[in-house]
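Work through the exercises below with the sequence and the structure at hand, and try each task before reading its solution.

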Amino acid sequence: MKNEYGYQIPENYKPSPYGHLFPYGEDDIQAVVDCMRANATLSNGVHMAEFEKKFAAYIGVEHAFAMDNATNCLQMAAYLIGFEPGDEVIVPGYTFVSSASTMAKAGAKIVWGDMDPDNWNLSPADLERKITPKTKAVVVVHLLGMPAKMDELMPIIRKHNLILIEDCAQAIGASINGRKVGSYGDFACFSFHTAKNITTLGEGGMLVVRDKKYADMVAGMRFVGTHPYEETPERKARYWYPAMSCVDFDREGLWPCNYSMPEPACACGVSQLNKVEAISESLLAQGMKIRNAFEDTPEITFCSIPEGVRHVHHQFVLHFEGANGYDRNDLLDITTKKYGIRNIVQYYPLYRYPLFVRSGFGDHDCPVLDAWWDNSFSFPWWGNMSESDMNYFITCTKAAIAELKARAPKA
Ligand SMILES: *Cc1c(COP(=O)(O)O)cnc(C)c1O
């Protein structure tokens, strides 16, 4: 059988469906079922408390709050910061939409940060260049599982007294000299969406909060304002009145939301967290195999991983240096059509999207990202990839490069 482009694809090759990186284990399933069978509350209960406590200990922070997704964690952080008209927030142009959309929704003006050429996250030099008297906050994203250059970013953030929001949605367990990402920021978010390194039944997030003032507010804020009543003698005598603990507690005039993570998802989170280290090690080993396989191929390059940095490899992005004037699109034309590989390109710079352009956030000055993006692409990537799948992708990518090199140079 030939494919629609007239090429023969190996019989045993099936592109991976989009799903989670690792299937759930019986332990995860048991934890969820036990929670469902317990006939206890399924909202804001014991599993949430346990998940938050263990998660905070794992990251090395004091306050962590389990929420329904990381987008809402970022939304909560942006709301608590309270942007005034004209306030600017610096967000990398190369990231998932939520890192920026949540700030725009909260009324901030987005200023796009450029990419660091060897780390691929926010450039420290560019951050410093983009700071103005109106800059209130910065979103530092540890994209693809790679920690941003925190040792260089932190002195700049402190010097200018900026609020730091770390987006660790793709980087649970990533660290710099043993210090985990998520422990640097005033706020940090993690995602347990189905595609992330660990997942809580499809959707989930964790918000880390440094300041005690905010930490005291978040538990109620994400649960429609609910808070424990004080057991006063008067309350004891008339326990039925008032019935709603949501509305008699003033959180500096802020409106609450309902962003809670349900109990079965929290139970699943505890079980997944038990194996996060094994998951990271497995993805890291897989990533290193692919890197090593391209050592003899100077046309393919990767972000550099300095001594002491732990990159947890959520997704696998590489860069094509070009061959004979041919670019990424020419390369992917061959890998897709001739070899049937599903390479995609993650992520399109956000300032190029119509929504951001129409909202007034099309202006940007990100020459490194603009030049880099045109030749970057994602390698097929899932957990426990078989040797034969991996070798097929590597061999075909190299063959496609050889084919481009054998052609007449592209004008
Ligand atoms: C997935 C992701 C988010 C959003 O996470 P959700 O839990 O899906 O809302 C935010 N930022 C980055 C970098 C992400 O990859």
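**Exercise 1.** In this predicted model, how far from an oxygen atom of the ligand does a backbone N or O atom of Ala 70 lie?

*Solution.* Begin at the backbone of Ala 70, where an N or O atom lies 2.8 Å from an oxygen atom of the ligand. Turn next to the side chains: a polar atom of Gln 170 is 2.7 Å from an oxygen atom of the ligand, while an N or O atom in the side chain of Asp 167 is 2.7 Å from a nitrogen atom of the ligand. Then take the ligand as a whole, which has 380 Å² of accessible area on its own, 94% of it covered by the protein.

**Exercise 2.** Describe the residues of the shell around the ligand by their chemical class.

*Solution.* The shell divides into 5 nonpolar, 9 polar and 2 charged residues. Helix H3 (70-81) and helix H4 (98-105) each supply at least two residues of this shell.

**Exercise 3.** Classify the ring pair formed by Phe 187 and Tyr 214, and say where its two members lie.

*Solution.* The ring centres are 5.3 Å apart and the planes meet at 40°, which is neither under 30 degrees nor over 60, so the pair counts as tilted. Phe 187 belongs to strand E8 (residues 187-191) and Tyr 214 to helix H7 (residues 212-221), so that the pair links distant parts of the chain, 27 residues apart. Finally, compare each relative accessible area with the cut-off of 20%: Phe 187, with 1%, is buried, and Tyr 214, with 17%, is buried as well.

Key:
Residues numbered from 1 in each chain as written. Predicted model: local features only at pLDDT ≥ 70, side-chain atom pairs only at ≥ 80, totals over all residues. Heavy atoms only, no water. Polar contact = N/O pair within 3.5 Å; in protein donor to acceptor, adjacent residues only side chain to side chain. Areas by Shrake-Rupley, 256 points an atom, 1.4 Å probe, with all protein chains shown as cover. Helix = DSSP H or I, 4+ residues; strand = E, 2+ residues; numbered from the N terminus. Nonpolar A, V, L, I, M, F, W, Y, C, P; charged D, E, K, R; others polar. Phe/Tyr/Trp six-rings, centres within 6.5 Å; stacked < 30°, edge-to-face > 60°. Buried < 20%, exposed > 50% of the residue type's maximum accessible area, 1.4 Å probe, protein only.
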